[in-house]
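User: Please take a close look at the largest nonpolar core and the chain around it. I am new to this structure.

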Amino acid sequence: MSDDQKFDMELDCKNLSCPLPVLKTKQAIGKLTPGQVLKMTSTDPGSNKDMASWSNRTGNPILKTEVVGNEHIFYIQRK
Amino acid sequence: MAEERVKKMALIASQGTLDWAYPPFILASTAAAMEMEVAIFFTFYGLPLLKRKIDAKVSPQSNPAMPMKMPFGPKFFQNISWPMPNFLTGNAPGFESMATTMMKKTFKNKGVASVTELRDLCMEAGVKMIACQMTMDVFGFEKKDFIEGIEYGGAAMFIDFATDADIQMFI
């Protein structure tokens, strides 16, 4: 793919249930500098809605989401 | 436009069984991750959730609608809900600890954090935990029984925080 999203850190939240993907994302985002991007992979089917709400509240934008099989992949930028 | 102040959430945790231990810690850790200021007031049976070692159990007898499922075997087998007659859940010796073990195992299989892990995440995220001083005196708890980094107070202290809170819940 030519439009692959670049990222600075990767976080594996596979096989973790609510609320861990959100909590671990928050922790990981805190380690980045503003503008950097986190790639987070989750298998929690609820994480789609949860990550959108989290992003909306905290103001860290989700640049892109992908669904591959049962994996939800989020590219989140630190505000 | 005035600068938006930090949102606040105030919880009361009044129950200490394993199933009721989850909601306050899940909500508090998540609200903190959503950059809210959070306080939990632990009172009555919720107070032991602040003990160094959480020994919360689940009581199927007081939760008649609780699905009883096996934490092992093929998926169809795990999805079966086993009907448990009330005389069994109430009278069979060791039923409560068996149900507790099974719930913990099922939660672990599904990638759910333990109550202790969630409590640690709350502490790391700066959730304010307040132990009810009156309950401590009534049930005979001492400060040395509890984890470090918590506060001690009463109803007025909680009301003071909750007055400015955007979310308040009694759990």
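Analyst: What follows describes the core, then the chain that gives the largest share of it.

This is a predicted model, in which local features need pLDDT of at least 70 and side-chain atom pairs count only at pLDDT 80 or more, while totals for chains, interfaces and linings use all residues. Residues are numbered from 1 along each chain as its sequence is written, and chains are lettered from A and ligands numbered from 1 in the order in which they are written.

The largest nonpolar core holds 52 residues. A nonpolar core is a set of buried Ala, Val, Leu, Ile, Met, Phe, Trp, Tyr and Cys residues joined through C-beta atoms within 7 Å; buried means that 20 or more other C-beta atoms lie within 10 Å of a residue's own, with C-beta atoms placed from the backbone. The members that touch the most others are Ala28(B), Val38(B), Ile40(B) and Phe42(B). Helix H1 of chain B, residues 18-33, supplies the largest share of this core, nine residues. Helices here are DSSP runs of H or I with at least four residues, strands are runs of E with at least two, and both are numbered from the N terminus.

Beyond its neighbours within four places in sequence, Val38(B) is in contact with Met9(B), Ala28(B), Ala31(B), Ala32(B), Val127(B) and Lys128(B). Contact means that the C-beta atoms of two residues, placed from the backbone, lie within 7 Å.

Chain B as a whole has seven helices and five strands, in the order β-α-β-α-α-α-α-β-α-β-α-β from the N terminus. Of its 171 residues, 28% are buried. Among its contacts between residues at least 6 apart in sequence, 77% join residues at least 24 apart.

How values were computed
Buried ≥ 20, exposed ≤ 12 C-beta atoms within 10 Å, placed from the backbone.
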